[in-house]
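Work through the exercises below with the sequence and the 3D view open. Try each task before reading its solution.

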Amino acid sequence: MAIMHLIILILLSAWFLLNVVFVFFASKIGRYIYKFDFFGWISSHTLFSMEARSFSLYYRDKFIDGNYSGWNKVELNINKWYNMFWAPANLVTSTVYSAVDDLAKAVEHFEVEPLKSNFTNRLKYKIVAKYVLNIDAGETVIARQFKLQEIKGITGDYTNQPVFESEYHPL
Amino acid sequence: MSIIISGDNAILWVTRISVVYLIINCAEKLYAANQYKNSDILGWYDLRRHTYFLHRPNFIKAILNGIFCFNTWIALIALRGILAIMVLFLSASGFLTTLCLGAIFVIISLSNLRAKPLGAETEDRVMVMITGALFLRSLMPDAYVTTICLWFIALQSCLSYVAAGLAKINNKSWLKGNGLYNVFTTGNFHSEKLGQFAIDHWKLVRLISWATIIIECAFPLVLIVKAPYGLFFLIWGVIFHFIIALIFKFGKFFLVWIATYPAILFVIQ
């Protein structure tokens, strides 16, 4: 067997075994993998296995005359048939959706105290805030606030109390 | 019934399907290029302030800033697309193919690194394994290495199904049979029609939930039962991924996982 054969065999075997170890012992070695797997070569493959919950994103505006708008839901769903193979908008919406989910769970699990700088400086917070603040606003809008809220029911008709309400961000 | 697929043909089809994914992915990113501007949502300025990058040595930060800033990054994405198109027309081995596959592998790896604070795209995590194996195979395209690489891709594919199945078993809701029902009736991916269908046919949806777990966990049997019985798993996989693509608009998952099937076909024959 040529030395090159051996090298390739060892490389691919090691790669596969590392992945096996990660899949079966993710809770024990997950943080090391996160730290040292710089290039995403190891995957846990757990998509669609989590508890199905949905946190929706809403915003409301503060007007120059001191009045407020009602809450508007931000639609992050893509639903055209061709989106199954062509969905460039999904690059952003899926990032925002995932950020909303992570932020809501972080608040729920008391990982962070909302509205403190260690929360508002989080990358996920910045992504959500940036997305919401980029939504078109009228000239009379001076600030915008967003909230995260769990929705339930097939029409999203049942909602819990908001998980989180941001402060007003000036526009 | 027998299936005969040579190692070279299996590699060819793995490559072709992977390349289709890479081209679509590249086109999407170029179409949405504005979002990658440094201060935009997918831009580098916020990502680089994440603790994962913040505490790296200065020379590493300088390199990353050079690679991941808007202009360079978009150029690399475009290059990945061009290389993918080239691979489509090149033979499965040869210096140029090795160069293209190596460069694609490096760019996907960098893409995963850049997206680290957000969580790398799942498709790219699988694609990096496929292109890594194809790259190594192109270095030494003989029967022995071809077999090793196809086994690697087939095993990774099986592992992905088992991992997904086990994760569902560890989730109470999925274990009770409510996993799919909850996905259909809660969550931003749902549609009203699908939710209503799940409510009207909850027993069927529960059965499908359990069946999904069982088939995912049993998927590695494809390597043991061999052809033609192993084809059951592959046909199930095609239908499973197509339905996911149709309902949840995750078409690229379909391409990435189906790209591993020629390798499984080779292994089970």
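**Exercise 1. The second largest cavity**

Which helix gives the most to the lining of the second largest cavity?

Solution. The model is predicted, and the exercise uses its coordinates as they stand. Start with the cavities: the structure holds two of 30 Å³ or more. The second largest has a volume of about 40 Å³. Its lining consists of B:Thr15, B:Ser18, B:Val19, B:Leu22, B:Val87, B:Leu101, B:Ile104, B:Thr131 and B:Leu134. Now assign these residues to elements: helix H1 (7-31), helix H6 (95-114) and H7 of chain B each give two or more residues. H1(B) gives the most, with four residues. By residue type, the lining divides into six nonpolar, three polar and no charged.

**Exercise 2. The largest cavity**

Find the element that supplies the largest share of the lining of the largest cavity, and sort the lining residues by type.

Solution. The largest cavity contains about 50 Å³ of space. Its lining takes A:His45 from chain A, together with B:Val126, B:Met129, B:Ile130, B:Phe152, B:Ile153, B:Gln156, B:Ser157, B:Ser160, B:Trp257 and B:Thr260 from chain B. Two elements give two or more residues, helix H7 (122-139) and helix H8 (143-169) of chain B. The largest share, five residues, belongs to H8(B). Sorting by type yields six nonpolar, five polar and no charged residues.

**Exercise 3. The second largest pocket**

State which residues lie nearest the centre of the second largest pocket and which helix gives the most to its lining.

Solution. The volume of this pocket is about 640 Å³. The lining has 32 residues, and those nearest the centre are B:Leu180, B:Thr212, B:Glu216, B:Phe240 and B:Ile244. Several helices of chain B supply at least two lining residues each: H8, H10 (179-185), H11 (192-200), H12 (202-218), H14 (231-248) and H15 (251-258). H14(B) gives the most, with eight residues. The lining divides into 24 nonpolar, six polar and two charged residues.

**Exercise 4. Two helices and their spans**

Compare the span of helix H5 of chain A with the value expected at 1.5 Å a residue, then do the same for H6(B).

Solution. H5 of chain A covers residues 123-134, twelve residues, and should span 16 Å. The expected span is 1.5 Å times one less than the number of residues. The end C-alpha atoms of H5 are 16 Å apart, which agrees. H6(B) has 20 residues and reaches 28 Å from its first C-alpha to its last, close to the 28 Å expected.

Next, look at burial. In H5(A) the buried residues are A:Leu123, A:Lys124, A:Tyr125, A:Ile127, A:Val128, A:Ala129, A:Tyr131 and A:Val132. H6(B) is mostly covered, with 15 of its 20 residues buried.

**Exercise 5. An aromatic pair**

What kind of pair do the rings of A:Trp81 and A:Tyr82 form?

Solution. A search of the whole structure finds 29 aromatic pairs over all chains. For A:Trp81 and A:Tyr82 the ring centres are 5.8 Å apart and the planes lie at 85 degrees, so the pair is edge-to-face. The cut-off needed here is an angle over 60 degrees. For accessibility, A:Trp81 has 68% and counts as exposed, while A:Tyr82 has 38% and counts as partly exposed.

Chain B also holds an aromatic cluster, formed by B:Tyr161, B:Phe219, B:Phe232, B:Phe233, B:Trp236, B:Phe240 and B:Tyr261.

**Exercise 6. Charges over rings**

Over which rings do the charged ends of B:Arg16 and B:Lys168 sit?

Solution. The charged end of B:Arg16 sits over the ring of B:Trp13, 4.8 Å from its centre. For B:Lys168 the ring is that of B:Trp174, and the distance to its centre is 5.1 Å.

**Exercise 7. A residue in a loop**

Is B:Lys249 buried or exposed, and where is it found?

Solution. B:Lys249 lies in the loop between H14 and H15 of chain B. Its relative accessible area is 9%, and the cut-off for buried is under 20%. B:Lys249 is therefore buried. B:Lys249 also has a positive phi of about 60 degrees, although it is not a glycine.

Conventions
Residues numbered from 1 in each chain as written. Chains lettered and ligands numbered in written order. Predicted model: local features only at pLDDT ≥ 70, side-chain atom pairs only at ≥ 80, totals over all residues. Heavy atoms only, no water. Buried < 20%, exposed > 50% of the residue type's maximum accessible area, 1.4 Å probe, protein only. 1 Å grid on protein atoms, 1.4 Å probe; cavity = no way out; pocket = protein on both sides within 12 Å on 5 of 7 lines; lining within 4 Å. Points joined across faces, edges and corners; volume = space filled by probe spheres on them. Nonpolar A, V, L, I, M, F, W, Y, C, P; charged D, E, K, R; others polar. Phe/Tyr/Trp six-rings, centres within 6.5 Å; stacked < 30°, edge-to-face > 60°. Lys NZ or Arg CZ within 6 Å of the ring centre and 35° of its normal.
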